[in-house]
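Colleague: I have just opened this one and would like a short tour of the charged pairs. Could you start with the term you rely on?

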Amino acid sequence: MLRDGVTVVTMAEGAELQREHADENMAAMLELRGDPKLRVVSDIRGLRSADKGARDAGASDEFASEVACMALVVGGSVTRMIGTFFLRISRPKYPTRLFTDADEAERWARSFSG
Amino acid sequence: MTSVDPRLEALFELLTRFAAGDHAARLPFDDGGDTVAAITIGLNMLGEELEAAEVRAQEDAQEIRQRTAELERSNADLERFAAAVAHDLRQPARHIGMFASMLANAYDAKLDDRGREWLAMLERSAQRMHAIIDGLLRYARLADGGEAARWGLAAEALQPVAEFLAGDIAACGGRLIIEPLPEAYGDQDGLEQLFRNLLSNALLYRSPERPLEIRVGGSPASGDGPASLYVADNGQGVPPEHAETVFSMFRRLHSADVHEGTGLGLALARRVVERCGGKLWLDTEAVGPGATFRFTLPSSHR
């Protein structure tokens with residue numbers, strides 16, 4: 001969903017994110033966008049896992065060429081672990097922050113001027 | 001004894017398997033939603049990263065092996081080419097020197113000073129060309145390993161070389177000090193060539209600021225290891241940044257106008273030592289002026 005220039009992606013409860021899903025998500029986001037680069041809020045509170053393929057896709061140069069920033073909304077320990085692993089180990093090449101509050105995440109992404 | 005939470009036991013087991021190198025190990029999804037579940041998923045993700053790193057390391061190692069093999073093939077081709085060229089050039093080089101000498105002898109009275117000077121330069125160039133070709137051929141023969149080695153003590157190979165160069169060393173006011181050498185073995189012809197090259201270099205690159213001193217010595221093997229020997233001089237030395245390049249073929253630190261030499265001596269010396277199963281290197285941490293070449297040789301007869 002595109003909201004005030006910010007692309008909001010919500011992971012379904014119990015989803016297990018893999019490489020092809022990451023690619024599909026990106027394709028969908030590109031169809032929606034108006035800005036030159038995407039400002040993304042990715043709500044992963046429902047995520048059960050994210051395999052290496054998905055993490056590598058998210059951190060790839062290809063993603064970085066389309067994404068200006070990404071706010072990851074995390075919830076409990078599991079999604080916090082997934083988010084922290086993505087941030088610290090996969091090291092995406094665009095600004096990425098973890099949030100526990102979805103509204104705060106959107107405000108950050110909206111204010112992000114790159 | 002208190003029982004451990006089976007989920008924690010599973011985590012310990014996974015960590016143990018990672019430590020043992022089993023990076024493919026994983027735990028099933030833990031839907032507990034608590035800290036243990038978070039650690040489980042974190043460790044599973046870590047396993048994926050370790051597995052990928054292991055694959056990359058194996059691929060890198062394979063690439064290195066392939067490149068090394070290509071380099072070795074390329075070096076072998078170059079050496080064969082050098083040998084073939086040297087072999088074909090030998091006779092023409094000999095003829096040039098021979099006819100230059102004959103010209104000098106037969107027509108000396110008819111030549112002016114310039115003519116005689118040019119003929120002398122021609123003879124010297126022919127001799128130098130001959131020396132380079134001979135050096136290349138010796139290097140190629142060592143690379144082939146075709147000739148049967150005549151094994152013996154390094155000390156025995158040193159003796160004739162020391163006697164041969166004694167006059168030249170004394171003539172420049174220098175001295176050669178030979179300490180007791182350890183029991184070290186190698187191909188006698190090759191070792192004579194090695195000592196001749198190292199001692200000749202010491203003579204060639206002596207310093208004008210002090211009398212030449214060359215020391216040859218070593219220490220015996222410890223255990224099953226090789227014996228260590230050295231040839232050290234107090235001459236001009238070699239800058240540390242050239243410590244490896246001096247062993248390259250035709251690599252010279254000075255032009256032929258400054259110092260004569262074929263640029264093959266150290267490359268040959270290293271090849272001799274390697275063929276005996278040892279190593280030769282320039283000691284860049286040696287104290288004092290000059291150059292110290294260290295090499296290892298087997299401490300027992302083949």
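Modeller: A salt bridge here is a side-chain nitrogen of Lys or Arg within 4 Å of a carboxyl oxygen of Asp or Glu. The model is predicted, so local features need pLDDT of at least 70, side-chain atom pairs count only at pLDDT 80 or more, and totals for chains, interfaces and linings use all residues. Residues are numbered from 1 along each chain as its sequence is written, chains are lettered from A and ligands numbered from 1 in the order in which they are written, and side-chain values use heavy atoms, with hydrogens and water left out.

Colleague: How many salt bridges are there over all chains?

Modeller: The search of the whole structure gives 24.

Colleague: What does B:Arg294 pair with?

Modeller: B:Arg294 forms a salt bridge with B:Asp283, at 2.7 Å from N to O. B:Arg294 lies in strand S7 (residues 292–297) of chain B, and B:Asp283 in the loop between strand S6 (280–282) and S7, eleven residues apart. Helices (H or I, at least four residues) and strands (E, at least two) are DSSP runs, numbered from the N terminus.

Colleague: Is B:Asp283 buried or exposed?

Modeller: B:Asp283 is buried, at 18% relative accessible area, while B:Arg294 is partly exposed at 30%. Buried means under 20% relative accessible area, exposed over 50%, and partly exposed in between (1.4 Å probe, protein chains only).

Colleague: Staying in strand S7, what is B:Thr292 in contact with?

Modeller: Leaving aside neighbours within four places in sequence, the contacts of B:Thr292 include B:Tyr230, B:Trp281 and B:Asp283. Contact means heavy atoms within 4.5 Å. B:Thr292 is in strand S7 of chain B and counts as buried, with 10% relative accessibility.

Colleague: Now the two chains. What does B:Glu49 meet in a salt bridge?

Modeller: B:Glu49 meets A:Arg55, with 3.0 Å from N to O. This pair crosses between chains, from helix H2 (residues 35–107) of chain B to helix H2 (residues 52–58) of chain A. A:Arg55 is buried, at 2% relative accessible area, and B:Glu49 is buried too, at 17%.

Colleague: Which residues are linked with them in a network of salt bridges?

Modeller: The network links A:Lys52, A:Arg55, A:Asp56, B:Glu48 and B:Glu49.

Colleague: And where does B:Arg26 fit in?

Modeller: B:Arg26 forms a salt bridge with B:Glu51, the closest N and O atoms being 2.7 Å apart. B:Arg26 is in the loop between helix H1 (6–19) and H2 of chain B, and B:Glu51 is in helix H2, 25 residues apart. B:Arg26 is partly exposed at 30%, as is B:Glu51 at 31%.
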